Amino acid sequence: MTHTVLVTGVSRHIGARVASVLAADPDVSRVIGVDTVPPPSLTRDGGVSLGRTEFVRVDLRSPDIAQVIAAADIDTVVHMSLVSAPSRGTGRALMKEHNVIGAMQLLGACQRSATVRRVVVRSTTAVYGSSPRNPAVFTEDMEPHDGPVHGYAKDAAEVEGYVRGFARRRPDVAVSLLRFANFMGPGVDSPLTRYFTQPVLPTVFGFDPRLQFVHEDDAVEVFRRMAKEDHPGTFNVAGAGVLLLSQCARRAGRASLPLFAPVFRTLGDVVRRVGLVDYSPEQVRLMSHGRAVDSGRLESELGWKPKFTTGAAFEDFLRSRGLHPFGGARR
């Protein structure tokens with residue numbers, strides 16, 4: 001069976017990779033990639049080749065996305081346009097509009113479509129929050145003690161609510177909601193990867209949080225499978241195992257600078273304003289209490305496991321940046 005797939009967020013690295021992989025798949029007849037700006041591969045900046053993906057410049061907050069879906073007879077929608085931090089020159093309000101209003105418009109267009117039969121939505125494990133009262137490991141059915149109240153995580157939680165509403169209204173559509181741990185890998189540029197490339201890593205005094213990562217290759221493979229097969233439901237996606245923040249610092253050959261939480265938050269406000277690293281309130285909580293999830297449901301559903309553990313994903317990222325432990329080269 002051939003598919004006509006719409007991929008949102010193709011101007012960013014993971015979105016471009018997903019569009020490229022689907023465009024190279026013989027079972028996919030057509031891939032439409034949408035975003036508010038052209039992908040780097042279409043500019044002089046280079047980037048991931050989109051292959052035969054057809055790029056359409058459209059703002060998800062506008063009703064134009066419904067016209068794109070209708071004109072191309074889209075049957076599969078892969079929504080990846082979830083922004084984790086405001087870009088320079090934009091504020092939190094615009095980020096929220098893009099994330100929440102954009103998702104509402106897209107889901108509304110899918111609901112009205114007579115051709116859409118599968119919707120895959122990128123979410124984040126940040127919806128579980130980070131709290132000392134949270135369980136050691138989250139499964140998809142668990143509720144956090146202290147849910148997200150700010151920023152990216154709150155946006156994702158709101159989007160998930162709209163996705164569940166859409167799934168109830170359109171039971172004929174297979175809806176897959178994917179909660180990814182932090183992406184990690186050679187091509188990933190995120191607040192967390194920028195954090196680990198700093199010469200000194202500020203930490204919260206008295207805390208050594210557990211962190212989980214998913215390698216970008218495994219993330220792309222999950223999206224590819226979900227776009228081609230019906231796997232309705234909510235799934236955690238993370239590499240096996242966890243790393244303590246102190247272990248990450250040692251592997252990266254970075255010195256840690258423990259700060260009391262109020263000082264860490266103040267530093268975060270300063271570096272965020274000058275556009276260096278995003279120390280949002282949710283990032284502060286992650287750096288204090290950490291977070292871990294169980295991906296057993298996904299592995300059982302797909303009959304597949306991520307190739308990279310959390311540790312291996314971080315090692316691959318470090319190699320790509322030329323980072324190594326103190327006193328020696330990385331093996």
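These legends describe close-up views of one predicted model.

**View 1. The whole chain combines eleven helices with 13 strands.**
The model shown is predicted. The chain has 331 residues, and buried residues make up 52% of them. Its accessible surface comes to about 14,300 Å². Carbon and sulfur atoms account for 54% of that surface. Contacts often span long stretches of sequence. Among those between residues at least 6 apart in sequence, 79% join residues at least 24 apart.

**View 2. Strand β5 is covered on both faces.**
Strand β5 runs over residues 118-124. On one side sit R118, V120, R122 and T124. On the other side sit V119, V121 and S123. All of these residues are buried. Seven of the seven residues of β5 are buried, so this strand is largely enclosed by the rest of the structure. Here, buried means under 20% relative accessible area.

**View 3. Strand β5 pairs with β4 and with β6.**
The pairing of β4 and β5 is in the parallel sense, over four bridges. T76 stands opposite R118 in this pair. Strand β4 covers residues 76-79. The pairing of β5 and β6 is also in the parallel sense, over seven bridges. In that pair, V119 stands opposite V175 of β6.

**View 4. Strand β6 is buried along its whole run.**
Strand β6 covers residues 174-180. A174, S176, L178 and F180 point one way from β6. V175, L177 and R179 point the other way. Both sets are buried. Seven of the seven residues are buried, so β6 is largely enclosed by the rest of the structure.

**View 5. The largest cavity has a volume of about 60 Å³.**
The structure holds three cavities of 30 Å³ or more. Rolling a probe the size of a water molecule over the atoms shows where empty space is left. The lining of the largest cavity includes T125, A181, N182, R210 and L211. Also in the lining are Q212, L286, R291 and A292. By type, the lining residues divide into four nonpolar, three polar and two charged.

**View 6. Helix α9 carries buried residues, L286 among them.**
Helix α9 spans residues 281-289. Its buried residues include E282, Q283 and V284. L286, M287 and S288 are buried too. L286 also helps line the largest cavity. Just after α9 comes G290, with a positive phi of about 65°. R291 and A292 are again among the residues lining the cavity.

**View 7. T193 is a buried residue of helix α5.**
The helix spans residues 191-196. The relative accessible area of T193 is 2%. This value falls under the 20% limit, so T193 counts as buried. Leaving aside neighbours within four places in sequence, T193 is in contact with F183, M184 and V188, among others. F317 and R321 are also in contact with T193.

**View 8. P199 is exposed in the loop between α5 and β8.**
Strand β8 covers residues 200-204. The relative accessible area of P199 is 65%. This value is over 50%, so P199 counts as exposed. Leaving aside neighbours within four places in sequence, P199 is in contact with R254 and A255. P199 and A255 are 56 residues apart along the chain. Their C-alpha atoms are separated by 7.3 Å.

**View 9. D73 has a positive phi in the loop between α2 and β4.**
Helix α2 covers residues 64-72, and β4 covers 76-79. Phi of D73 is near 50°. That is a positive value in a residue other than glycine. D73 is partly exposed, with a relative accessible area of 48%.

**View 10. A167 is a partly exposed residue of helix α4.**
Helix α4 spans residues 151-169. The relative accessible area of A167 is 29%. This value lies between the limits of 20% and 50%, so A167 counts as partly exposed. A167 and G233 are 66 residues apart along the chain. Their C-alpha atoms are separated by 9.5 Å.

Methods:
Residues are numbered from 1 along each chain as its sequence is written. This is a predicted model: local features need pLDDT of at least 70, side-chain atom pairs count only at pLDDT 80 or more; totals for chains, interfaces and linings use all residues. Side-chain values use heavy atoms; hydrogens and water are left out. On a 1 Å grid over the protein atoms alone, a cavity is a set of points where a 1.4 Å probe fits but cannot get out, and a pocket is an open set with protein on both sides within 12 Å along at least five of seven lines; lining residues have an atom within 4 Å of a point. Grid points are joined across faces, edges and corners, and a volume is the space filled by probe spheres set on the points. Ala, Val, Leu, Ile, Met, Phe, Trp, Tyr, Cys and Pro count as nonpolar, Asp, Glu, Lys and Arg as charged, and the others, Gly among them, as polar. Helices (H or I, at least four residues) and strands (E, at least two) are DSSP runs, numbered from the N terminus. Buried means under 20% relative accessible area, exposed over 50%, partly exposed in between (1.4 Å probe, protein chains only). Contact means heavy atoms within 4.5 Å. Accessible areas come from the Shrake-Rupley method with a 1.4 Å probe; for residues, only the protein chains shown count as cover. Two strands pair if DSSP finds at least two bridges between them.
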